[in-house]
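Trainee: Could you walk me through how to read a model like this one? I'd like to start with a helix and work outwards.

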Amino acid sequence: MKQINHLLAKGMATQLVLGSFTMPGLMKTRGFVGLMNRIFSKIAPSYDRIWTDLAPESVFLGPLTAAARSLKAAPLRILDLACGTGLATLHLGRLFPESQVVGADLSERMIQVMEQKMKSAGLRYLQTLVCNSDRLPFEDGLFDLVLTQNAPPYLEEMVRVLRPGGRLLLAYSFVMVPLVRGVMARRLEGLGLEDLNFIQAEQGLAVTAGKPDRTHA
């Protein structure tokens, strides 16, 4: 049964990536945003259990961890978008304890669950925010690392708040790499990002890309 669930997860994850990279306008519609908020607010209390029933935590954190370790320097300011209950946010807080880490999600209930986990883990220095990833309340070029994990990425807004020379990070569990790699590369390069690094780990994929720093060109 678990093997069947993994195959279903692979198909769903692959379609998520393909759809979000080839039809980004759909994600900006009011209907899509409202649907996502309703779904994830409803499942927030059981969200962590749903994923741990599917696979160990290491499967979900594997691609993110490998990508984080590939960074040339520790980012001082990190923004985790569509952070859900904070699996990636809390993990990055442990990996980079000297960094300012912000977890943002559209669902207030998801953020509430995350804040409870932060308190239990003693990670009170992390910051949380309820907001739409397509309209971030941050100035341009504020963060050294901007990421999202297992969620549709609002790439233009992610690039906007990323500082020149900073890195964008996308991580996906259970994804068919040959089907998504080319689509992801074309979209990221079309946004002017460079130095793409695709990393396969556990059963997933992470990619990091740099925002050009023209001041050092």
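**Starting from helix 6**

Mentor: Let's begin with packing: the buried residues of helix 6 sit against helix 2 (30–43), helix 3 (47–54), helix 5 (87–95), strand 2 (100–105) and strand 3 (127–130). Keep in mind that this is a predicted model.

Trainee: Then confidence comes before anything else. What is the mean pLDDT of the chain?

Mentor: The mean is 91, and 96% of the residues reach 70 or more. Among the elements, strand 1 (residues 77–81) has the highest mean pLDDT, 98, while helix 1 (residues 2–22) has the lowest, 79.

Trainee: Back to helix 6, then. Which of its residues are buried?

Mentor: Met-110, Ile-111, Val-113, Met-114 and Met-118 are the buried ones. They lie on the same side of helix 6, because the arc they cover around the axis is only 160 degrees. Turn to the other side and you find Glu-108, Gln-116, Lys-119 and Ser-120 exposed.

Trainee: And how far apart should the ends of helix 6 be?

Mentor: Count 1.5 Å a residue: the 14 residues of helix 6 (residues 108–121) should span 20 Å. The end C-alpha atoms are 20 Å apart, so the model agrees with that expectation. Just after the helix comes Gly-122, with a positive phi of about 70 degrees.

Trainee: Now the core. What's the general idea there?

Mentor: In soluble globular proteins, nonpolar side chains tend to be buried together. In this model the largest nonpolar core has 39 residues, and the members touching the most others are Phe-21, Leu-79, Leu-168, Leu-170 and Met-184. Helix 8 (residues 177–190) gives this core its largest share, six residues. There is also a second, separate core of 23 residues, including Leu-64, Ile-111, Leu-123 and Leu-126.

Trainee: Let me pick one well-connected member. What is Met-184 in contact with, leaving aside its neighbours within four places in sequence?

Mentor: With that exclusion, Met-184 is in contact with Val-17, Phe-21, Leu-170, Tyr-172, Phe-198, Leu-205 and Val-207.

Trainee: On to the rings. How many aromatic pairs does the structure hold?

Mentor: Three. Two are good practice for reading ring geometry. Phe-40 and Tyr-47 are edge-to-face, with 6.2 Å from centre to centre and 70 degrees between the planes. Phe-60 and Phe-174 are edge-to-face as well, at 5.9 Å and 75 degrees.

Trainee: Where in the chain do Phe-60 and Phe-174 come from?

Mentor: From distant parts, 114 residues apart: Phe-60 is in helix 4 (residues 57–69), and Phe-174 is in the loop between strand 5 (162–173) and helix 8.

Trainee: Are those rings buried or exposed?

Mentor: Check the relative accessible area, where under 20% counts as buried. Phe-60 is at 4% and Phe-174 at 2%, so both are buried. In the other pair, Tyr-47 counts as buried at 17%, whereas Phe-40 is partly exposed at 29%.

Trainee: One last residue, Ser-173. Where is it found, and what does it touch?

Mentor: Ser-173 is in strand 5 and is buried, with a relative accessible area of 4%. Setting aside neighbours within four places in sequence, Ser-173 is in contact with Ala-13, Val-59, Phe-60, Asn-150, Gln-203 and Gly-204. For another distance to check, Ser-173 and Ala-201 are 28 residues apart in sequence but 9.0 Å apart in space, C-alpha to C-alpha.

Key:
Residues numbered from 1 in each chain as written. Predicted model: local features only at pLDDT ≥ 70, side-chain atom pairs only at ≥ 80, totals over all residues. Heavy atoms only, no water. Core = buried A, V, L, I, M, F, W, Y, C linked by side-chain atoms within 4.5 Å. Buried < 20%, exposed > 50% of the residue type's maximum accessible area, 1.4 Å probe, protein only. Helix = DSSP H or I, 4+ residues; strand = E, 2+ residues; numbered from the N terminus. Contact = heavy atoms within 4.5 Å. Phe/Tyr/Trp six-rings, centres within 6.5 Å; stacked < 30°, edge-to-face > 60°. pLDDT = per-residue confidence, 0-100. Expected span 1.5 Å × (residues − 1). Arc of directions from axis to C-beta.
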